Amino acid sequence: MNFFRSLTQSRRTALPAPTETRVTVPLNGQETVVVLRRHPRARRLKLQVDGKLGLPVLTLPPGVSEAEGLSFLNRNAGWTQKRMETLPDKVDLAPGVIMPFRGRDFQIDHQPDARGTVTVDGDRLIVSGGVDHLSRRVTDFCKKEAKAAIKPLAGQFAADLNRKPSRISIRDQRTRWGSCASNGDLSFSWRLILAPPHILDYVVAHEVAHLVHMNHSPAFWKTVEQIYPDYDRARDWLGSHGTRLHRIG
Ligand SMILES: [Zn+2]
């Protein structure tokens, strides 16, 4: 997925919410589940392979029929198949599994009677409690850590640009790493805490720069550069490794 498309600003309007349905269609001679997403703000047909779902997602803008969408999907069947085949393995959060955290690999060490919920010990994440809650405990821990890392950083970048973010929230956004609403609310994917710290820094800088420019104009990129000079490299990293982060949990 193109990173430019994944980092877009959102605006609050009275438009209806996006809806999603799943259809099974033949693709390259194989019955394939496809997510059809109707989005009132979409401007064109868009095809993605969603890392979290492991499925093709077809976004239909207003006025485009399902048939048109599916014919677009068929024309891009080869691309879709290749993306599906090259998806990184799904990583379920379970005892013994290796997962990235702040760009380093950690092994999940389930110790039911350990103190606290999740603690970092060397290259292990020690998770206490019942195994049924392990996955949720790890993601809750990541969300908390993401918030702790992002909040002060956003404040600092914003101060550098003489701005102030209104609200900062952490979500599990499927296709975006972050977003900036027109009222100044910023939201970020908790998965950024899995990436190396400088990647998280970049996404925070990017969204904070939207407090100055609500677009991706050259002036916007100049503002990003002011607070995060090496943004090209971070963008490339997300382009090539971002999907892996969506395959976790
Ligand atoms: Zn952006």
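**Exercise 1. Find which strands helix α4 lies across, and its angle to β8.**

Start with the helix: α4 covers residues 134-160 and lies across β6 (104-110), β7 and β8. Its direction makes about 120° with β8. Helices (H or I, at least four residues) and strands (E, at least two) are DSSP runs, numbered from the N terminus. Angles run from 0 to 180 degrees between N-to-C directions, and axes are lines fitted to C-alpha atoms, for helices over the stretch in contact.

A word on the input: this is a predicted model, where local features need pLDDT of at least 70 and side-chain atom pairs count only at pLDDT 80 or more, while totals for chains, interfaces and linings use all residues. Residues are numbered from 1 along each chain as its sequence is written.

**Exercise 2. Work out the strand order of the open sheet and say which strands stand at the edges.**

Step one: the four strands run in the order β5-β6-β8-β7, with mixed pairing. Strands pair if DSSP finds at least two bridges between them.

Step two: β5 (98-101) and β7 (118-121) each have a single partner strand, so they stand at the edges with one side lacking a neighbour in the sheet. Ignoring direction, neighbouring strands here are turned by 35° against each other on average.

Step three, zoom in on β7: four bridges join β7 to β8 (residues 124-127), and the two run antiparallel. Val120, for instance, has Leu125 in β8 as its bridge partner.

**Exercise 3. Describe how α5 packs against α7.**

Take the geometry to begin with: α5 (residues 197-209) and α7 (residues 231-246) have axes 9 Å apart, at an angle of about 105°. That makes the pair roughly perpendicular (65 to 115 degrees; under 35 is roughly parallel, over 145 roughly antiparallel, and the rest oblique).

Now the residues: α5 brings His198, Ile199 and Tyr202, and α7 brings Tyr231, Ala234, Trp237 and Leu238. Contact here means C-beta atoms, placed from the backbone, within 7 Å. The tally is six nonpolar, one polar and no charged. Nonpolar covers Ala, Val, Leu, Ile, Met, Phe, Trp, Tyr, Cys and Pro; charged covers Asp, Glu, Lys and Arg; the others, Gly among them, are polar.

**Exercise 4. Repeat the analysis for α5 and α6.**

Helix α6 (residues 218-227) meets α5 at about 135°, with the axes 9 Å apart. The two are therefore oblique to each other.

For the contact, α5 uses Ala205, His206, Val208 and Ala209, while α6 uses Phe220, Thr223, Val224 and Ile227. Sorted by type, that gives six nonpolar, two polar and no charged.

Key:
Two residues are in contact if their C-beta atoms, placed from the backbone, lie within 7 Å.
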